[in-house]
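Work through the exercises below with the sequence and the model side by side. Try each task before reading its solution.

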Amino acid sequence: MNNEFNHDTYWSDTWIKHIESYLAVPPRAGYWITSHFPVSLSILEIAGGSCRDSRYLVSQDLDVIGSDFDQKTLDYLAKRYPESPLLMQKEDAFSLSFANKSIGLSFSNGFWVLFENNQQIYSLIHEQARITEKYMISLVHNIENIKLVNQFKECTKLDSLYDIRFFHREELLEIINESGLKYKSIVMRKFGGPIDKLLTPKIKGIKNPIQTITKKIVPHVYDYQPWTVTERIACVIEL
Ligand SMILES: C[S@@+](CC[C@H](N)C(=O)[O-])C[C@H]1O[C@@H](n2cnc3c(N)ncnc32)[C@H](O)[C@@H]1O
């Protein structure tokens, strides 16, 4: 795995190359959260990078903060979206500035995949649980999707950003239990897959006429696909 992931300078340099392509992708985690959780909860995105999903959630009138530890990226986004009402702040996921239980729902997407060492993930779990009142969510890449694993292996040859950890849902459950976290319930849900094609903003250059409907339907369709084609595991912990 890429051991530079822990440095904000790595991310400042990496985002210069990648941020626009991340911003061009539909905010799938945003669609998924609004489809499955009460809109009355306050929301924090941890390690949000492009903060694409937070920006979508705030456009739906939700109470959201986007965060990341890389100030350069946050500055870029503030200039890129001068009109956006999204509150963004610098936060280190290992040491968040929020009071205990002050956030209704916290989530990260593609973040735990940066850590090979389970001890670091235990720390992240406890810090996220400290500030979260109801739901903590982590979306991580799914090792049961062999095609995706192989695609990432190929891409790693050209770009270290793809050199991430993939998880099995049982391994994830084990990690959470080994961390000693006390929770009410935990569920591993399916996120991302072939059905996402329906979310494409444009089909053959023409605006996708059904996107307003598909963004509501697709997050529910994930549940019916096999794990072998599922892109990410959405680990949902109710505290
Ligand atoms: C793969 S990106 C996440 C992508 C994001 N979900 C998106 O859609 O744009 C990982 C992010 O984690 C951030 N990061 C890495 N270590 C961090 C830490 N300790 N605290 C907060 N953010 C961190 C990086 O700056 C980077 O933006």
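**Exercise 1.** Find the residue of β3 that stands opposite S67, then describe how the two strands pair.

*Solution.*
- In this predicted model, S67 faces Q89 in β3.
- Strand β3 covers residues 87–90, and 4 bridges join β3 to β2.
- The two strands run parallel.
- Helix α4 (residues 71–80) completes a β-α-β unit with β2 and β3, and the unit is right-handed.

**Exercise 2.** Place β4 among its partner strands, and state how covered β4 is.

*Solution.*
- Start with burial. Strand β4 spans residues 103–109, and 6 of its 7 residues are buried.
- Take β1 next. Residues 43–45 form β1, which pairs with β4 in the parallel sense over 3 bridges.
- One facing pair here is I43 and L105, the latter in β4.
- Now take β5, residues 132–141. Strands β4 and β5 run parallel and share 6 bridges.
- N109 stands opposite L139 in β5.
- Trace the connection last. From β4 the chain passes through helix α5 (residues 118–131) to β5, a right-handed β-α-β crossover.

**Exercise 3.** Which residues of the largest nonpolar core touch the most other members? Follow C235 outward from there.

*Solution.*
- The core holds 43 residues.
- L57, F111, I137, V140 and C235 touch the most other members.
- Strand β5 supplies the largest share of this core, with 5 residues.
- Now set aside the neighbours of C235 within four places in sequence. C235 is then in contact with I137, S138, V140, L172 and M188.
- Two of these contacts, I137 and V140, are also on the list of residues that touch the most core members.
- As a general background, nonpolar side chains tend to be buried together in soluble globular proteins.

**Exercise 4.** Two residues other than glycine, A47 and D61, have a positive phi. Decide for each: buried or exposed?

*Solution.*
- Recall the rule: most residues other than glycine have a negative phi.
- A47 has a phi of about 50°. This residue lies in the loop between β1 and α3 (52–59).
- Count around A47: 22 other C-beta atoms lie within 10 Å. The cut-off for buried is 20 or more, so A47 is buried.
- D61 has a phi of about 70°. D61 sits in the loop between α3 and β2 (64–68).
- Count around D61: 9 C-beta neighbours lie inside 10 Å. Exposed requires 12 or fewer, so D61 counts as exposed.

**Exercise 5.** Describe the shell around the ligand by its nearest residues and its classes.

*Solution.*
- The shell has 17 residues.
- W11, A47, G49, S50 and F69 come nearest to the ligand.
- By class, the shell has 8 nonpolar, 5 polar and 4 charged residues.
- Link back to the previous exercise: A47, one of the residues that come nearest, is the buried loop residue with a positive phi.

**Exercise 6.** Locate P201, judge its exposure and list its contacts that are not local in sequence.

*Solution.*
- P201 is in the loop between β6 (185–191) and β7 (202–203).
- P201 counts as exposed because it has 10 C-beta neighbours inside 10 Å.
- Leave out residues up to four places away in sequence. P201 then touches P26, K207, N208 and Q211.
- Finally, compare sequence and space. P201 and A24 are 177 residues apart along the chain, and their C-alpha atoms are separated by 9.3 Å.

Definitions and conventions:
Residues are numbered from 1 along each chain as its sequence is written. This is a predicted model: local features need pLDDT of at least 70, side-chain atom pairs count only at pLDDT 80 or more; totals for chains, interfaces and linings use all residues. Helices (H or I, at least four residues) and strands (E, at least two) are DSSP runs, numbered from the N terminus. Two strands pair if DSSP finds at least two bridges between them. A crossover is right-handed if, with the strands pointing away from the viewer, the path from the first strand over the helix to the second runs clockwise. A nonpolar core is a set of buried Ala, Val, Leu, Ile, Met, Phe, Trp, Tyr and Cys residues joined through C-beta atoms within 7 Å. Two residues are in contact if their C-beta atoms, placed from the backbone, lie within 7 Å. A residue is near a molecule or strand if its C-beta atom, placed from the backbone, lies within 6 Å of it. Ala, Val, Leu, Ile, Met, Phe, Trp, Tyr, Cys and Pro count as nonpolar, Asp, Glu, Lys and Arg as charged, and the others, Gly among them, as polar.
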